[in-house]
Amino acid sequence: MKSSFTPIPPLLLGPGPSPVHESVLSAISQPTIGHLDKQCFALMNEIKQMLQQLFQTQNALTIPLSGPGSAGMEACIANLIEPGEKVVVCINGAFGQRLADSARKVGGHVIEVNADWGCAISPNALRQALQPHTDTQSVCFVHGETSTGVLNDAQALCAVAHEFGALTIVDAVTSLGGVEVKVDEWGIDAIFSGSQKCLSCPPGLSPISFNTRAINKLTQRKSPIPSWFLDLSMISNYWNESSRVYHHTAPVNALYGLHQGLSNALNEGSNALMMRHLECNDILVSGLEALGLTCLVDKAHRLPQLTTIQIPDDTDDKAFRDILMDEYHIEIGGGIGALAGKVWRVGLMGNGARVDNVTRLLDAMSHARQHALRPTAKQPG
Ligand SMILES: Cc1ncc(COP(=O)(O)O)c(C=O)c1O
């Protein structure tokens, strides 16, 4: 007889997923209904409206895609970029690199704007990259870079892209729900996010929003969309109240969870939510300084919900994180890409952004700091 799988839940303070709110877990456990049931359509309509509120947009095409944040990325890239088109991609971390890889895979001619990992993309650098390439069709960038903890200035980058008439494609996987994301005001043409960061839902859904410019680009394509599952011209028919054509079996229980996660965020209120993330980040940074630890990113460009901490030379990265996990049941992240082995990543996202979690983490880090010293750093005797 096989037994059920019962995880011992650690406190998730890494780069995602974040701790899922109890109310979301109980929403998900409700009985499944059919994806073509009228009740499901009502659920979908409410999710669309709540996503519009959170994204601060009137865009009709604002829906959650079935799949993780990477599905949202591929949907934006595959639907909006055609082979041979010039695409400027801003890269200051691993997720910017992914955007560039993804654009190349659909045949885009990628022009990179690079900044050091830990620094923000300068709007001027973007302008200089665009000047010799005025026929650029799209500009892609990551709003909150989870690999480095940098918040790029989405408003300024969109303004530069629009000086050149380019479409803007923005990764808001980590930023949405933790910092302001003003899709209409900032002129973001296409945006994607994820359910498992500041929305505190399980991974597996990717909210996206396309404005009229992006939809026009999609409908006027010369080449076919190089994906069946992520073809937005078909998916949008399922999410459109007047057409409702079956596309795929929507993950209904995951949608219950997203509905609850969005309700929680909107009931708390956008301002209160942002302030809670800021407050937790302030307490964390002061505590880290008291422990003699240094943040990678300057205060001006720090993403409140994701903090990168430089690993001191005397400390063993893996031993430190193992102590947190094994003795304190706290998960934090290690560095990835160019920052592998160089930083720890602490996520205080959504339901994880609580003062008591920060205190618990700082206590655990203080202990781990003393017990994860490299052999050479230990005091003799
Ligand atoms: C900024 C950013 N973009 C994209 C992704 C990819 O999302 P997912 O892992 O849900 O596919 C992540 C995941 O951590 C992310 O942080």
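**Notes on the two domains and the ligand site**

1. Starting with the domain interface: domain 1 and domain 2 bury about 1900 Å² between them, and 63% of that area is on carbon and sulfur atoms. Keep in mind that this is a predicted model.

2. As for where the boundaries fall, domain 1 covers 22-266 and domain 2 covers 269-377. Their centres, taken over C-alpha atoms, are 28 Å apart. Each side puts residues into the contact: 24 from domain 1 and 24 from domain 2.

3. Now the ligand. Its surroundings are made up of 13 residues, with Ser70, Thr146, Asp171, Gln196 and Lys197 being the closest. Sorted by class, that shell comes out as 6 polar, 4 nonpolar and 3 charged residues.

4. Two helices are worth a look here. H3 (69-80) and H4 (94-105) each give at least two residues to the shell around the ligand.

5. Some polar distances to check on screen: Thr146 has a side-chain N or O atom 2.4 Å from an oxygen atom of the ligand. For Ser70, a polar side-chain atom sits 2.5 Å from a ligand oxygen. With Lys197, the distance from a polar side-chain atom to an oxygen atom of the ligand is 2.6 Å.

6. How much of the ligand's accessible area does the protein cover? On its own the ligand has 390 Å² of accessible area, and the protein covers 86% of that.

Definitions and conventions:
Residues numbered from 1 in each chain as written. Predicted model: local features only at pLDDT ≥ 70, side-chain atom pairs only at ≥ 80, totals over all residues. Heavy atoms only, no water. Near = heavy atom within 4 Å. Polar contact = N/O pair within 3.5 Å; in protein donor to acceptor, adjacent residues only side chain to side chain. Areas by Shrake-Rupley, 256 points an atom, 1.4 Å probe, with all protein chains shown as cover. Helix = DSSP H or I, 4+ residues; strand = E, 2+ residues; numbered from the N terminus. Nonpolar A, V, L, I, M, F, W, Y, C, P; charged D, E, K, R; others polar. Domains from an automatic or database assignment. Contact = heavy atoms within 4.5 Å. Buried area = accessible area lost by both parts, 1.4 Å probe.
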